[in-house]
Amino acid sequence: MARRWVRVGRSGIYLLGSLASGIATVFALPLLCVPWLARRWANRHRDRAGRLLETPLAPRPALGAPGRRASADPATPRDLLWLPVHALTGIAFGLPALLCVGNVFLATVATPLWWAFDYEDRPRLFIDVPVTGWGTALTLGPLQILLLAALAYVAFPPIARAHARICLAVLSYSTAEQLADRVEVLTRTRADVLDAHGAELRRIERDLHDGTQARLVAIAMRLAVARQALSGTPRNEEFLEELLRDAHEGAEEAMTELRDVIRTVYPPILADRGLTGALTAVTARCGVPTRLHVDDLERVPAAVEAVVYFAVAEALTNVVKHSGATEADVRVSRTGERLSAVITDNGSGGADPRQGTGLAGIRRRVLALDGTLGVDSPAGGPTTLRMELPCGW
C-alpha cells in the first residue's frame, strides 16, 4: 500500500511538472525551435519519462557532436515535433491533476477557515456547495478529500504512464533510424581510428628515427673507432675507455627511449599488474589527490584495458593541467558485459570535447570499441567524465 502511494505521489509530481512545462512550451515555442534548445528540452522530458516508467534508455547523441550537423541529425525532426505534442499533452494530462490537487488543498486548508471569508468568497465544495457552517465544513470537507484521494490513487499512475509513453514514442528512434545512425557513427569512428592509427605510426617512426636510431648510429660509430684503435699501435687506453663509456651510456639511453616508445603502444604495466594495478600506479602519480575504486572486473579484453588505462591517464592529466581541482575520483565497475569508468573532479569545469585534443583522443579510443563517452562539465564544476565499453567479447 505504501509503495502504491509513493507511485501515486511520483505520478502526481510528474503530471504537474508536465503541465508547467507544457505551458512554458507554449510561451517559449519560437525560442525552443532552435535545434540545440529543442534537443535539451526533449532530452529532459525523455529522461523524466524513462524514470517514471523505470525503463533504461540509451543516451541520445548530443547535437553538434563531431561529424554531425543539426540538419542531418535524424533526431532533430522528432525534437521539433515533440514541442507542439508536449504543449498539448502536457496541458491536457496535467490539468486533471492540478484540479484534483487544488481541490484537496482547498478542502484541507480553506474549508476549516470558512468563517474568515466574506459570505460571497467562502470556499465551495463538490458541485458549488458553499461552506456556511461547521456542519458543512466537517462533513463535506473530509468527504471531498477522501473522494479526490481515491481518484488520484486510481487515475494518476495510468495517466502519467500514458503521457510518458507518448513522450518516448515521439522521441525514440525507429529501428531503421537507429540502424542508420549506428552505421553513420561506426563509419565516422572507423575513419577517425584509421587516421589516428596512421598518425600513431608516424609518431612511432619519428620517435625511433630521431631518438633510438640516432643513438644506435652514434654507438656503432664509437664502437668502430674503438675497434680501429684496438688494432693500431700504440694503444691509447684513455681514449678507448672514453669511447666504450660513451657507447655504454648511449646504449642505456637508447634502451630507455625504446621502452618509452613501447609503453605508448601497450603499457607493460598492464601485462605485469593488470588494469587495477596500472590504474593504481596512474592515480598514485597524479599531481592531484585521487581516490580509486575498482570493482571485481573479472576478465577484460586487452584492448578494453588499454583504452581505459590511456583514457584515465589522459583525463587525470587534464585535471592537473586545466581544472584547478583539489581532488579527483576514479571509479571502474562492470555490469554484465559493459565496463564503465567514471572520472570526477571538483575543479572549475568548462571542459569541452570539441576543443583541444585530450578529450577528442579519449572519444576516438572509446568509439573505436563501440563504447560511449559522456562529459558533464558545467561552468564552475564539477566535471564528470563517464565512459562505457563492451567487454564481453
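Here is a short friendly exchange about some side-chain pairs in this structure.

Me: How do you know which features to count here?
Reply: This is a predicted model, where local features need pLDDT of at least 70, side-chain atom pairs count only at pLDDT 80 or more, and totals for chains, interfaces and linings use all residues. Residues are numbered from 1 along each chain as its sequence is written, and side-chain values use heavy atoms, with hydrogens and water left out.

Me: What makes Tyr309 and Phe310 an aromatic pair, and why is it called edge-to-face?
Reply: Rings of Phe, Tyr and Trp (its six-membered ring) pair if their centres lie within 6.5 Å, with planes under 30 degrees apart stacked, over 60 edge-to-face and the rest tilted. Here the centres are 5.5 Å apart and the planes 70° apart, so the pair meets both cut-offs.

Me: Why is Tyr309 called buried?
Reply: Buried means under 20% relative accessible area, exposed over 50%, and partly exposed in between (1.4 Å probe, protein chains only). Tyr309 has 8%, so Tyr309 is buried. Phe310, at 16%, is buried too.

Me: What makes Asp79 and Arg39 a salt bridge?
Reply: The term asks for a side-chain nitrogen of Lys or Arg within 4 Å of a carboxyl oxygen of Asp or Glu. Their closest N and O atoms are 2.6 Å apart, so the pair qualifies. Both residues are buried.

Me: Why is Glu54 called exposed, and Arg10 partly exposed?
Reply: Glu54 has 63% relative accessibility, so Glu54 counts as exposed. Arg10, at 35%, falls in between and counts as partly exposed. Their side chains meet in a salt bridge (3.7 Å, N to O).
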